[in-house]
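Please look through the model with me while reading the points below. They are grouped by place, so that each paragraph can be checked on the display before moving to the next.

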Amino acid sequence: MEPRERRHQRIRQVLLFFVFLGGSLVCSEPWRYSVAEEMEIGSVIANVVKDIGLGVEDLVARGARVIFDDYKPYLLLDQQTGNLLLNEQLDREALCHLTEPCILHFQVLFENPLQFFWAELWVKDINDHTPAFLDKHILLKISESTAPGTSFQMDSAQDLDVGKNGVQNYTLSPNPYFHLKLQASDDGRKYPELLLDQFLDREKEPEFRLTLTALDGGSPPRSGTTLVRVLVLDINDNAPEFERPVYEVQVPENSPVDSLVVRVSATDLDAGIYGELSYSFSHVSTDIRKTFEIHPISGEIHLKALLDFELIQSYTINIQAVDGGSLSGKSAILVQVVDVNDNAPEIVMTSLTSPIPENSSPEMVVAIFSVRDQDAGDNGRMVCSIQDDLPFLLKPTFKNFYTLVTELPLDRESQAEYNITITVTDLGTPRLKTQHNITVTVSDVNDNAPAFSQSAYTLRVRENNSPALHIGSVSATDRDSGANAQVTYSLLPPHDPRLPLASLVSINADNGQLFALRSLDFEALRAFEFRVGAADRGSPALSSQALVRVLVVDANDNSPFVLYPPQNGSAPCSELVPRAAEAGYLVTKVVAVDGDSGQNAWLSYQLLRATEPGLFGVWAHNGEVRTARPLSERDAVQHRLVVLVKDNGEPPLSASVTLHVLLVDGFSQPYLPLPDAAAAEARADPLTVYLVVALASVSSLFLLSVLVFVAVRLCRRSRAASGGGCPVAEGPFAGHLVDVSGAGTLSHSYQYEVCLTGGSGTREFKFLKPAIPNLPPPERKMEESHTFMNGFEFI
């Protein structure tokens, strides 16, 4: 007993080894089970566990099931015990008709891992049908000249059972003239012949009534009877003869009803009634009588029902020609049914897995299905395919079974659902195909980090904003779904530790909205930048970041500030202008700055009030004060000018400055530099044009005053010592007087010639013309000289 158990254990180990090694093991020899027809439902046929050598628990774990070739559930697999149970009563005659043995093919399928076992169910016949004659009355016409020993064929009885349960014997009621002789046909069936024992005498007995009984071999046997009526005729010595002993015909299975199959013909040498022939079937089955019919006079055989190659491929039809004297001739018709492609392939889905994760391993089994075509030859050969642009692959497995597996990596973000069309096409003419659509969805895996709509954001905030002001938003999207796509925003620590980011801005963690926490000042902080992060809620969480740059937009909150003349409360400084000055003479320049930027710092100048309107004008763009006309002796000596400096903001802000201009005599023309010399000097040193840019603070103006005072003193001493004219004091202004931020308040540098007279005790300044004038570009000299006077504003 123990060696036998060890042997079974080794067999089971070997089977399991091939199962896990091959992934799909198919038995080379089928298992054979037998069952008697009409057995009760639920009867135990066999135990699969014992035959395979596996445990009962493997049936559920590996998804065991039973699949018949015609997909009908004849058997049921009990996964608790491994028993194969009869799921319905089987009728052998309905399943296999006259085919013997009656075999139903099926497979035992294990899905995980994939494995098939081929098996056969043999359905045994029982004696449940009684023999029956097709005709309840048989008429025989026999000539009285018929010699003893002549045989007369009789129609055989039909029994749907097979084997020993079929018709085995015939008996005839007792009579002095006839006895029975059993004959066997080509297919093994028995049929009776009536043999004449002695001459008939029509004058003594013109008619006989005999009972023919058919018996089967069942236990107990069943029987059926028919009445044989024999009419004695006059002599007829010639039997009919057919043209051919066998007629071979090919008929397409799609031939319509009433189509002509063949026409048979027989001849009889007798004349009169003995030469009149009647055609009929001889010893044919019920199927033949239902499918074909023969015309008794013409001998034409027509279709009575449609043919089906998938059910019956050929028919053998025995025919006879009987003359008026009851003599008959025999022949046979062999009908070959020609297959046509009239059956489309069939697809049966066994299992389908959906959804599948997007990180599935290659060759993951998605679906298992089988295909079949009931046609034959090329009409039954099939090709199975799916679309080319899919990351899936069809693999044939066992017989007509296929598996749909993954071929390429899946990406739910690229495509979350696949509509797969399985197409099965046969090779017949015309080709028929069947399509089956399945939908496979891809479940999400957190494999995508949030992505901002742009890598850098630029936000503009006007200064002096209210706290908690919404200044903008950042947005990030995640291509995943569900919790993997829920994005949370946060501020990242700044790279510059000196930036108080936590007190400047905050972010809404849910929608990425940014808020300014306090009022911003453009003059203190013009711009700052920081990074924001976006993280999803997957596991593990993925994140990304973007740069946010905040630009503080200037507001017009600073009025212009006048640098020159200084507004420090000291004694006003007078500008000296010689009476010999011509129109356009530069008197002085008002220099102002604005703490704002942009157009808020664009300054314009205009003359508000003047002692003598029309004498002086102010250049609107650079603040230069120039004479509008030549001076005359009638003009007052002292003039007071009020200049308004206004920015270009909205609303505009302004400041004003008062200038004191003194008209003086005694500045002789020879002491004024010639235009040619001035131009040459400008060409020699062009940098002196920008020296006035050095006027950036009140201290520079003070230094200028000191230099003028020293020059006057030196000139006075020089005149006292030599009695000559005063030297020309030339030189650039101090270098710390510079232009301010491109605001247009001081765009050029000037150097002045100063002459002091010392004889009379009066002071005369030749402080009239710039040694290096503001020369326009050559192409614009004519235009600016024409518009020079138009650039002034007069009161």
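1. Helices, with at least four residues, and strands, with at least two, are DSSP runs numbered from the N terminus. The model is a predicted one. With that numbering in hand, Asp258 can be placed in the loop between strand 16 (246-252) and strand 17 (260-263). Its backbone deserves a look, since phi of Asp258 is near 75°, which is a positive value in a residue other than glycine.

2. The loop between strand 16 and strand 17 also holds Ser255. Is Ser255 buried or exposed? Ser255 counts as buried because its relative accessibility is 11%, and the cut-off for buried is under 20% relative accessible area. Ser255 can also be set against a residue from another part of the sequence, for its C-alpha atom is separated by 9.8 Å from that of Val338, although the two residues are 83 residues apart along the chain.

3. A second positive phi belongs with the cavity discussed in the next point. Phi of His283 is near 55°, again a positive value in a residue that is not glycine, and His283 sits in the loop between strand 19 (278-281) and helix 5 (286-291). At 14% relative accessibility, His283 counts as buried.

4. How many cavities of 30 Å³ or more does the structure hold? The structure holds 1 such cavity, and the volume of the largest cavity is about 30 Å³. His283 is one of the residues that line the largest cavity, together with Leu134, Asp155, Ser156, Gln158, Val284 and Arg289. Sorted by class, this lining has 2 nonpolar, 3 polar and 2 charged residues.

5. Two peptide bonds before proline should be checked by eye. The bond from Ser219 to Pro220 is cis, with omega near 0°, and Pro220 lies in the loop between strand 13 (207-216) and strand 14 (223-233). Thr429 and Pro430 are likewise joined by a cis peptide bond, for which omega is about -5°; Pro430 is found in the loop between strand 30 (417-426) and strand 31 (433-443).

6. Turning to charged side chains, the count comes to 16 salt bridges. One of them is formed by the side chains of Arg32 and Glu120, at 3.4 Å from N to O. Arg32 lies in strand 1 (residues 31-36) and Glu120 in strand 7 (residues 115-124), so this pair ties together parts that are 88 residues apart in sequence. What about the cover of the two partners? Arg32 is exposed because its relative accessible area is 58%, whereas Glu120, with a relative accessible area of 8%, is buried.

7. Another salt bridge is formed by Glu111 with Arg65, and the closest N and O atoms of this pair are 2.5 Å apart. Glu111 belongs to the loop between strand 6 (102-110) and strand 7, while Arg65 belongs to strand 3 (residues 65-68), so the pair ties together parts that are 46 residues apart in sequence. Glu111 counts as partly exposed at 24% relative accessibility, and Arg65 is partly exposed with a relative accessible area of 30%.

8. The side chains of Glu346 and Arg372 also meet in a salt bridge, at 2.9 Å from N to O. This pair links distant parts of the chain, with Glu346 in strand 24 (residues 346-352) and Arg372 in strand 26 (residues 365-372), 26 residues apart. Glu346 is partly exposed, at a relative accessible area of 28%, and Arg372 is partly exposed, at 22%. Elsewhere, Glu207, Arg209 and Arg229 are joined into one network by salt bridges that share partners.

9. The last point concerns the surface. Which residues make the nonpolar surface patch of about 670 Å²? The patch is made by Phe702, Leu703, Val706, Leu707, Phe709, Val710 and Leu714. Val706 is found in helix 8 (residues 698-722), and this residue counts as partly exposed because its relative accessibility is 33%, a value to be read against the range from 20% to 50% that the term covers.

Terms used. Residues numbered from 1 in each chain as written. Predicted model: local features only at pLDDT ≥ 70, side-chain atom pairs only at ≥ 80, totals over all residues. Heavy atoms only, no water. 1 Å grid on protein atoms, 1.4 Å probe; cavity = no way out; pocket = protein on both sides within 12 Å on 5 of 7 lines; lining within 4 Å. Points joined across faces, edges and corners; volume = space filled by probe spheres on them. Nonpolar A, V, L, I, M, F, W, Y, C, P; charged D, E, K, R; others polar. Patch = residues over 30% accessible without salt bridge, like charges linked within 9 Å, V, L, I, M, F, W, Y side chains within 5 Å. Areas by Shrake-Rupley, 256 points an atom, 1.4 Å probe, with all protein chains shown as cover. Salt bridge = Lys/Arg side-chain N within 4 Å of Asp/Glu carboxyl O. Buried < 20%, exposed > 50% of the residue type's maximum accessible area, 1.4 Å probe, protein only.
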